[in-house]
Every structure is written in structure tokens, then in C-alpha cells.
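Dear colleague,

I am passing on the structure we spoke about, with the sequence alongside. My notes on what was found in it follow directly below.

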Amino acid sequence: LCRQVGDVALQCVAAVAAFPAIIASLNEGMQMGIQQELRTGADRVAIQDLMARYAYAVDAKRWDSLAEVFATGAEVDFVANGGIKDTWPAIGDWLATAMSGFTACQHYLSNFATDVDGDRASSRFYVFTQMITVQDGSDQIVSDGGYYHAGFVRTPAGWRVSKLSGGIVWWSGSVPSHLPWWGIDADRFNQ
């Protein structure tokens with residue numbers, strides 16, 4: 001019996017001696033998990049900031065600023081909005097022309113659902129836009145609500161848009177005739 005008690009005691013001593021190494025290993029794993037979560041969170045914030053820069057560049061008509069938003073060759077598809085499909089930087093010229101009819105506009109972006117996978121990310125988010133035209137000396141407000149689907153790539157300069165498409169879910173005000181879906185009973189949200 002004494003020998004069995006002694007063996008158990010030795011096993012307890014060995015377990016207690018190993019305890020700091022076990023705790024250190026657990027701490028290291030937890031720290032790595034926490035660091036990954038923090039990096040993913042920081043990446044999501046950086047991507048939202050990048051899209052805020054996109055919205056500001058479009059609203060302020062600062063087309064040169066879009067060079068800090070898009071990766072060269074980024075695919076941009078605005079066909080569902082009645083626009084075109086092209087790549088950056090050519091899409092910048094189309095945006096400048098398409099937005100020239102508005103005296104002012106503001107894009108509000110929200111509801112980001114972003115997945116980060118290393119140096120690539122994808123996101124779907126909402127957009128609410130108010131646009132002003134002047135007719136007979138008075139401001140006319142046109143509003144729309146829609147969404148963007150976007151792909152991102154991490155570059156040495158930070159995150160950049162590698163793919164962007166958008167769709168309009170609803171429109172208020174004078175409806176442009178170029179919207180291909182207007183008046184059609186369909187699932188506008190998943191175009």
C-alpha cells in the first residue's frame with residue numbers, strides 16, 4: 001500500500017511539475033488566437049475605411065483618389081445599376097461621366113459582412129445614396145438603396161479593391177430610363 005501511495009504521489013509531483021509547461025502552451029495558443037482575431041478585426045476596419053474613401057472620392061468627384069482604392073486591373077461591374085462593366089483605371093472615366101449629371105451626392109455605406117482569408121477578403125454591404133440635380137433653379141433629390149459585393153487584396157500599400165459590383169434595390173424620385181430592372185417584379189436584392 002505504501003508503494004502504491006508513493007507511486008501516486010510521484011505521479012502527482014510529475015503532473016504538478018508539468019503544469020507550468022501545460023499552462024504556457026495553452027497561453028501561447030490563446031495568444032495566437034487572440035492575435036489572429038485582432039488582425040482580422042483590424043483588417044475589417046481597414047476595408048470599411050477603404051470603402052469610405054471610395055464613397056468620398058465619388059461624392060467629392062476626386063477621381064484621382066480612386067487610385068488609392070482600386071488595385072490595377074480591378075473588375076468593376078455596374079451593369080445591374082444600368083452602368084457598364086470595365087476594369088480600373090478605365091472605369092474611373094465612366095464614373096466621372098456618369099456622376100457629372102449630379103450637382104452633389106452622398107453615399108452612405110453600412111451593414112458590412114466581411115470575410116478575411118489571409119491577404120484576400122470579400123464583403124457585401126449596403127449603400128444608401130442621395131443625389132441632387134438642379135432643375136429650374138431648384139434642387140431635386142433622388143435617393144436609392146442597394147448593395148455592393150466586393151473583393152479585396154492586401155498590397156504593400158494596404159487593402160485595395162480587386163472586384164466590385166453593385167445593385168439597386170429601390171429608387172425614390174425621378175427614375176432614370178436606363179435602369180434595366182425598373183418596373184419588373186423580381187428579386188432586386190440578389191441581382
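One aromatic cluster in this predicted model is formed by Tyr54, Phe70, Trp88, Phe112, Phe125 and Tyr148. The structure holds eight aromatic pairs, and in one of them, that of Phe112 and Phe125, the ring centres lie 4.3 Å apart with the planes at 15°, so the pair is stacked. This pair links distant parts of the chain, since Phe112 belongs to strand E3 (residues 104-117) and Phe125 to strand E4 (residues 120-135), with their positions 13 residues apart in sequence. Phe125 has a relative accessibility of 0% and therefore counts as buried.

As for the overall layout, the protein has two helices and six strands, and these elements follow one another from the N terminus in the order α-β-β-α-β-β-β-β. The chain has 191 residues, of which 31% count as buried. If one takes the contacts between residues at least 6 apart in sequence, 52% of them join residues that are at least 24 apart. The accessible surface amounts to about 11600 Å², and 56% of that surface belongs to carbon and sulfur atoms.

The salt bridges deserve a closer look, and the count comes to four. In one of them Arg154 is paired with Asp43, with 3.0 Å between the closest N and O atoms; because Arg154 lies in strand E5 (residues 138-155) and Asp43 in helix H1, this pair ties together parts that are 111 residues apart in sequence. The two partners are covered to unlike degrees: Arg154 is partly exposed at a relative accessible area of 22%, whereas Asp43, at 7%, counts as buried.

Arg154 also forms a salt bridge with Asp119, and here the closest N and O atoms are 2.6 Å apart. Asp119 sits in the loop between E3 and E4 while Arg154 is in strand E5, so this pair ties together parts that are 35 residues apart in sequence. Asp119 is partly exposed, its relative accessible area being 43%. Through these shared partners, salt bridges join Asp43, Asp119 and Arg154 into one network.

A further salt bridge is that of Glu75 with Lys163, whose closest N and O atoms are 3.9 Å apart, a value to be read against the cut-off of 4 Å used for a salt bridge. Since Glu75 lies in strand E1 (residues 70-77) and Lys163 in strand E6 (residues 158-172), the pair ties together parts that are 88 residues apart in sequence. Glu75 counts as partly exposed at 39% relative accessibility, and Lys163 likewise counts as partly exposed, at 48%.

Turning to the helices, which residues of helix H2 (residues 90-99) are buried? They are Ile91, Gly92, Leu95 and Met99, and when H2 is seen down its axis these buried residues fall within an arc of 105°, so they line one face of the helix. An α-helix has 3.6 residues a turn, so residues three or four places apart point the same way. On the face of H2 turned away from the buried side are the exposed residues Asp93 and Thr97.

Helix H1 (residues 2-59) is where Ile34 is found. Together with Met30 and Leu38, Ile34 makes a nonpolar surface patch of about 330 Å². Ile34 itself is partly exposed, with a relative accessible area of 47%, and residues need over 30% to be taken into a patch.

Lastly, a note on Thr133, which has its place in strand E4. At 16% relative accessibility Thr133 counts as buried, the limit for that class being under 20%. Once its neighbours within four places in sequence are left aside, Thr133 is in contact with Gly101, Phe102, Thr103, Ser138, Asp139 and Gln140.

With best regards

Definitions and conventions:
Residues are numbered from 1 along each chain as its sequence is written. This is a predicted model: local features need pLDDT of at least 70, side-chain atom pairs count only at pLDDT 80 or more; totals for chains, interfaces and linings use all residues. Side-chain values use heavy atoms; hydrogens and water are left out. Buried means under 20% relative accessible area, exposed over 50%, partly exposed in between (1.4 Å probe, protein chains only). Helices (H or I, at least four residues) and strands (E, at least two) are DSSP runs, numbered from the N terminus. The arc is that of the directions from the helix axis to the C-beta atoms. Contact means heavy atoms within 4.5 Å. Accessible areas come from the Shrake-Rupley method with a 1.4 Å probe; for residues, only the protein chains shown count as cover. Patches are made of residues with over 30% relative accessible area and no salt bridge: like charges are joined within 9 Å, nonpolar side chains (Val, Leu, Ile, Met, Phe, Trp, Tyr) within 5 Å. A salt bridge is a side-chain nitrogen of Lys or Arg within 4 Å of a carboxyl oxygen of Asp or Glu. Rings of Phe, Tyr and Trp (its six-membered ring) pair if their centres lie within 6.5 Å; planes under 30 degrees apart count as stacked, over 60 as edge-to-face and the rest as tilted.
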